[in-house]
Amino acid sequence: MSDLASRQRQAVAHLYHTVFTGLILTVVTRRSAGDAARWIEALFRTQHEAKFLSSFEKLGLSDMPPAVAAAAYHYHSNRIGGVDVEFMRESDRKAWVRFPPPRWIYPGASICGIPSEVSRGMLRGWYARNGTSMGVAGLQFVCTGQTVDAQAGLMGYFIEHDAPVAADARLVFRPGEVAPLFDPEQAPRLPDGMWPAERLEKARRNYAMEYLRTGLPLLFSMFGVAEALHLSRTAGWLVGVQLARAIAEMVGADGSGPAGVADVIEALMTGEGDSPERRSEGTGIVLSRESSRFLQGLGEQPPEMYQGWSSIYAGIAAGCDRFLDLRALHYHDGRNIYHINLLLSPIN
């Protein structure tokens, strides 16, 4: 695993992680906490349906009791993604998970802008559905704390009851119950040999990218094209311009002039798992790629969704060099083309 390839993947993971956090905050502040909660619930429900059961075998969960397997899933999948999480098994019918501060999804002071209902939306979208997906009518998740409510982490336990649990009771909130201490030696372990360093690093990149891959199409379907473009373009550009210098440093580029900005964007495309092509055109640079890992499997989407996604690169270009403009073109054959040129009028 080359050092450059590693740094490119880490830069992509950091960028997409931050854009996702920024998009949550943008929906909260530009629309409402309730809309953000509905969107987050739909996002996590979509990911749950796509990934939960299909991952059991590769995570070594197939032979575990339901409550333990559900908790172990969240322990493994989040740790693979680079998230700090704890697992505590009390019995075959009860197992805890706890995400201690600092929360990965809300880094730094961003957590101050996350309403409680947004965190609850995530739990409704995923944790409340585990029993249904597993075919275990008595499985319930009891949330005993949320970091956004000034409690000591997002935490709770899966518990299997003898009788079926009503649909509206598969997630309940009981703040104040105290989670046991975490003992790493008692936590489940991934199957030996299946997660070497390079695979783990790619998984962490994909983990961060997948939130936006899932969330952007839902944003457009739920809020309409014009509003979703405004939200995604605002969040993408702002995060891109804020992180531009840090991302350039991570990938070893100076980011100045068309060539320097192209170096940064090309490194990110490569870190995403694509194979960009580059050529000079007049005083600018053209970057293109036949297909994008980010767009694969998303089906037909409005062109505006592509514009919202590309605003991340536009923000990075502006943050690196305010005398430059990055324009994105998207063709139906899947080729993505980006023009990086001098601005006639610089950004002040």
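Me: Helices (H or I, at least four residues) and strands (E, at least two) are DSSP runs, numbered from the N terminus. Which strands does helix 3 lie across?

Reply: Quick heads-up: this is a predicted model, where local features need pLDDT of at least 70, side-chain atom pairs count only at pLDDT 80 or more, and totals for chains, interfaces and linings use all residues. Numbering starts from 1 along each chain as its sequence is written, and side-chain values use heavy atoms, leaving out hydrogens and water. Helix 3 covers residues 66–80. Find that stretch, and you'll see it lying across strand 1, strand 2, strand 3 (139–145) and strand 4.

Me: In what order do the five strands of the open sheet sit?

Reply: The pairing is mixed in this open sheet, where two strands pair if DSSP finds at least two bridges between them. Reading across its five strands, you get 1-2-4-3-5.

Me: Which strands stand at the edges, with a single partner strand each?

Reply: An edge strand here has a single partner, so one side of it is left without a neighbour in the sheet. That's the case for residues 86–91 and for residues 171–173. In other words, look at strand 1 and strand 5.

Me: What is the bridge partner of Phe99 in strand 4?

Reply: Strand 2 (residues 94–99) and strand 4 (residues 154–160) run antiparallel to each other as a pair, with six bridges. Within strand 4, Phe99 is matched with Leu154.

Me: Which strands does helix 4 touch?

Reply: Helix 4 takes in residues 116–125 and packs on the sheet. Going by contact (heavy atoms within 4.5 Å), the strands touched by helix 4 are strand 3, strand 4 and strand 5.

Me: Which residues does Ile24 touch, leaving out those up to four places away in sequence?

Reply: Sequence neighbours up to four places away are set aside for this list. What remains for Ile24 is Trp39, Ile40, Ile105, Tyr106, Ile114 and Val118.

Me: Where is Pro102, the residue after the cis peptide bond from Pro101?

Reply: Most peptide bonds are trans. The one from Pro101 to Pro102 is cis, with omega near 0°. As for its place, Pro102 is in the loop between strand 2 and helix 4.

Me: Is Ala150 buried or exposed?

Reply: Ala150 sits in the loop between strand 3 and strand 4. Though not a glycine, Ala150 has a positive phi of about 65°. Its relative accessible area is 74%, and the classes are buried under 20%, exposed over 50% and partly exposed in between (1.4 Å probe, protein chains only). So Ala150 is exposed.

Conventions: Axes are lines fitted to C-alpha atoms, for helices over the stretch in contact, and angles run from 0 to 180 degrees between N-to-C directions.
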